[in-house]
Amino acid sequence: MYLCIVLLTFGPVMNRIFTLVVLVSLIAGNIQAQRYMGNYDEGDGRLSNLKLPESERGKGFALRFGLDAGKMQLAAINLEYEINPYVALGIGAGGGYHLDAGWAVPIYFETRAYAPNALYSGYASLRVGYMLGLADGKQVPTQQTLYGNPLTKVDKLGGFMASFGIGFSWKRLDAGVNFGLAFGNFEKYYTSGGETFHQWIIPNKAYLIAGVHLSYSLRLWKKEPYNKVIKRN
């Protein structure tokens, strides 16, 4: 290569052109060799044609911290086991406020599936669990009256819940949207002479869960490294 540089500097015009072509070829060959060096497999001695970026996920445990903003305002924490870079299973709990039904504590199972092992990919998630309603639910005065007494509407979560999410994953940060249902009950009551009278109790009412989701997982323990994904010939 040093000889090529000398000829390129001091040689005749035709020699300079020929030397320039040789020098470019040497540089290109060196870059190509470095490109495949990381894909060399000592097991069978073959080179791969594709090297994907490393995944941040692997076989082991992780903690996921998540926030949902929408019909359900939720802050939750999950303990997950990453089976491989594509699938994670976990349990979660948190605290939330539903815009129509007051405060609740969700306890759920969650599974997450990711696109091929890479630093960035799409994902899908599924949550199934139970919603524990807190306090007396959300109370809203209405325009209705009964026997001259104003009626108050009460919505309270409490029962089965399920939601489905899709989004984009970058390293260990996930951002997307969640849609689902949480169940509870609906009733109206009025107060007369210091006594409360309950009217029109409707159990098992469905409340919509819909909102933007953002979460980050923190690796606790990784059993087995996933250094590279190599496509073999």
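How many residues does the hairpin that joins S1 to S2 pass through? One residue. That turn is a good place to enter this fold, but a word on confidence comes before the details.

The model is predicted. Its mean pLDDT is 78, and 72% of the residues reach 70 or more. Over residues 1–10 the pLDDT is below 50, although this stretch has 15 contacts in the model beyond near neighbours in sequence. Residues 226–231 also stay under 50. For them the model has 18 contacts beyond four places in sequence. Where pLDDT is low, the predicted coordinates should not be read in detail.

Now the overall layout. The protein has two helices and nine strands. From the N terminus on, the order is α-α-β-β-β-β-β-β-β-β-β. Of the contacts between residues at least 6 apart in sequence, 60% join residues at least 24 apart. Buried residues account for 33% of the 233 residues. The protein exposes about 13800 Å², and carbon and sulfur atoms supply 66% of that area.

Start walking at strand S1, residues 59–70. S1 runs antiparallel to strand S2, residues 72–82, and nine bridges join them. Asp68 stands opposite Leu74 in S2. From S2, another hairpin leads to S3, with four residues between the two strands. S2 and S3 are antiparallel and share 11 bridges. Here Tyr81 has Leu89 in S3 as its bridge partner. A further hairpin, through three residues, joins S3 to S4. S3 and S4 (residues 102–114) pair in the antiparallel sense over 10 bridges. Tyr97 is bridged to Trp103 in S4.

Pause on S3, residues 87–98. In a regular strand the side chains alternate between the two faces of the sheet. S3 shows this alternation. Ala88, Gly90, Gly92, Gly94, Gly96 and His98 point to one face and are buried. Val87, Leu89, Ile91, Ala93, Gly95 and Tyr97 point to the other face and are not buried.

Next, look at Asn78, a residue of S2. Is Asn78 buried or exposed? Asn78 counts as buried because its relative accessibility is 3%, below the 20% cut-off. Its side chain makes a polar contact of 2.8 Å with the side chain of Tyr108. A second polar contact, at 2.5 Å, links the side chain of Asn78 to that of Glu110. Leaving out residues up to four places away in sequence, Asn78 touches Ala62, Leu63, Arg64, Ile91, Gly92, Tyr108 and Glu110.

Finally, the nonpolar interior. In soluble globular proteins, nonpolar side chains tend to be buried together. The largest nonpolar core here has 13 residues. Those with the most contacts inside it are Met72, Met131, Leu157, Ala182, Tyr207 and Ile209. At least two core residues come from each of S2, S4, S7 (149–170), S8 (173–192) and S9 (195–224). S2 gives the most, with three residues.

Which residues does Leu157 contact, leaving aside its neighbours within four places in sequence? Its partners are Met72, His98, Ala101, Gly102, Ala104, Met131, Gly133, Ala182, Phe183, Gly184 and Tyr207. Among them, Met72, Met131, Ala182 and Tyr207 also rank with the core residues that have the most contacts inside it.

Terms used: Residues numbered from 1 in each chain as written. Predicted model: local features only at pLDDT ≥ 70, side-chain atom pairs only at ≥ 80, totals over all residues. Heavy atoms only, no water. pLDDT = per-residue confidence, 0-100. Contact = heavy atoms within 4.5 Å. Buried < 20%, exposed > 50% of the residue type's maximum accessible area, 1.4 Å probe, protein only. Areas by Shrake-Rupley, 256 points an atom, 1.4 Å probe, with all protein chains shown as cover. Pairing = 2+ DSSP bridges. Polar contact = N/O pair within 3.5 Å; in protein donor to acceptor, adjacent residues only side chain to side chain. Core = buried A, V, L, I, M, F, W, Y, C linked by side-chain atoms within 4.5 Å.
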